[in-house]
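Here are a few exercises to try with a structure on your screen. Have a go at each task before you read the worked solution.

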Amino acid sequence: MSYNKVKVSAEGDIAVITLSDPATLNAASVEMGAEIADALKVAAYGTEPKRAVVITGEGKGFCSGANLQAGPGGGKVDPDGKPDAGAALETLYNPMVSVIRDLPIPVVTAVNGPAAGVGCSIGLMGDLIVAAESAYFLQAFRRIGLVPDGGSTYILPRMIGKARAMEMMLLGEKIPAAQALEWGMVNRVVSDADLLPTALGLAKQLAEGPMAIGLIRRMVWQSLDSSWTEQLNIERQTQRIAGKTEDFREGVAAFLGKRPAAFKGR
């Protein structure tokens with residue numbers, strides 16, 4: 001399937017989704033957001049499903065935030081004659097980030113240059129996050145009189161704590177890659193030249209893993225909202241699913257046979 005604002009390629013069992021509007025530093029237009037969501041669904045549920053996804057940006061930036069050329073809310077106006085700046089969140093951006101969250105396969109984000117606004121949210125949705133030395137993360141909303149969106153008010157306090165999340169959102173200052181690593185926002189910081197190879201290397205490890213990899217990512221997302229008792233029950237129920245997979249049988253056989261396991265993702 002062809003798209004206008006994203007490029008999709010395959011590296012074996014890995015789908016590489018590249019945000020592709022370099023003239024705007026890959027600003028997330030309505031069209032791009034819809035294409036990202038569709039490309040993710042095809043990667044996970046299509047006729048040739050993949051076992052991992054890498055999301056990155058073309059050129060000098062990952063994603064500079066929402067494309068505001070159509071006006072806030074994509075041009076939708078409320079009955080009071082004023083724009084509804086949240087309209088596109090309801091119809092597009094919230095479903096898009098929810099698709100990422102709910103995928104049955106792991107996601108690696110490879111962040112190059114600016115990851116601002118909703119681009120910051122997309123970058124931080126990765127299960128593993130690799131940042132280039134050129135990368136920075138920016139909650140830019142206060143600069144234009146809006147509030148953080150794309151799930152960032154959910155992700156950031158849980159990722160880096162209330163104090164640092166407040167600092168990012170209220171002050172709107174850039175968080176360079178090295179600081180993001182120190183704060184626990186990313187897993188790796190590498191040279192720009194090594195960004196995609198590193199992300200692909202991590203994705204390959206995930207793609208070669210058992211079906212349980214996808215179950216693990218879902219459980220961790222669920223844990224952000226679960227009580228202790230609820231999470232123990234989630235572990236119990238998910239272990240039942242994992243224990244019925246071919247990969248579990250192969251893993252046990254490989255362990256007993258003292259050989260590497262050859263997982264098939266099912």
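**Exercise 1.** Work out whether β6 is enclosed by the rest of the structure or open to the outside.

*Solution.* Keep in mind that you're looking at a predicted model.
- Step 1: count the buried residues in β6. You should get four of the five.
- Step 2: draw the conclusion. With that many residues buried, β6 is largely enclosed by the rest of the structure.

**Exercise 2.** Find the strands that β6 pairs with, and say how they run.

*Solution.*
- Step 1: start with β4, residues 107–111. Four bridges link β4 to β6, and the two strands are parallel. For one pair, look at Thr109: its bridge partner in β6 is Ile129.
- Step 2: now go to β9. Three bridges connect β9 with β6 (residues 128–132), again in parallel. Here Val130 sits opposite Arg188 of β9, and Ala131 faces Val189 of β9.
- Step 3: recall what holds such pairs together. Strands of a sheet pair through backbone hydrogen bonds, in either a parallel or an antiparallel way.

**Exercise 3.** Put the strands of the six-stranded sheet in order and pick out its edges.

*Solution.*
- Step 1: walk across the sheet. The order reads β1-β2-β3-β4-β6-β9; the sheet is open and its pairing is mixed.
- Step 2: look for strands that pair on one side only. Those are β1 (6–11) and β9 (188–190), the edge strands.
- Step 3: check the twist. On average, neighbouring strands in this sheet are turned by 20° against each other, ignoring direction.
- Step 4: see what lies over the sheet. Helix α1 lies across β1, β2 (14–19) and β3, and runs at about 175° to β2.

**Exercise 4.** Do the same for the three-stranded sheet: which strands are at its edges?

*Solution.*
- Step 1: the order is β5-β7-β8, in an open sheet with mixed pairing.
- Step 2: β5 (114–116) and β8 (175–176) each pair on one side only, and they are the edge strands.
- Step 3: zoom in on β7 (residues 136–138). Two bridges tie β7 to β8 in the antiparallel sense, and Tyr136 has Pro176 of β8 as its bridge partner.

**Exercise 5.** Say which residues of α9 are buried and how they're arranged around the axis.

*Solution.*
- Step 1: get the helix clear. The 15 residues of α9 (228–242) reach 21 Å from first C-alpha to last, close to the 21 Å expected at 1.5 Å a residue.
- Step 2: list the buried ones: Gln231, Ile234, Thr238 and Ala242. They cover an arc of only 70° around the axis, so they're on the same side of α9.
- Step 3: ask what that side meets. The buried residues pack against α8 (212–223) and α10 (246–256).
- Step 4: flip the helix over. The face turned away from the buried side carries the exposed residues Thr229 and Gln239.

**Exercise 6.** Decide whether Arg51 is buried or exposed, then look at its surroundings.

*Solution.*
- Step 1: locate Arg51 in the loop between α1 (30–45) and β3 (52–57).
- Step 2: compare its 17% relative accessibility with the cut-off for buried, under 20%. So Arg51 counts as buried.
- Step 3: check its contacts further along the sequence, which include Asp13, Ile105, Glu208 and Phe263. Also, a polar atom of the Arg51 side chain lies 2.8 Å from the backbone oxygen of Ala207.

Technical notes: Residues numbered from 1 in each chain as written. Predicted model: local features only at pLDDT ≥ 70, side-chain atom pairs only at ≥ 80, totals over all residues. Heavy atoms only, no water. Buried < 20%, exposed > 50% of the residue type's maximum accessible area, 1.4 Å probe, protein only. Polar contact = N/O pair within 3.5 Å; in protein donor to acceptor, adjacent residues only side chain to side chain. Contact = heavy atoms within 4.5 Å. Pairing = 2+ DSSP bridges. Axes fitted to C-alpha atoms, helices over the stretch in contact; angles between N-to-C directions. Expected span 1.5 Å × (residues − 1). Arc of directions from axis to C-beta. Lists of a residue's contacts leave out its neighbours within four places in sequence.
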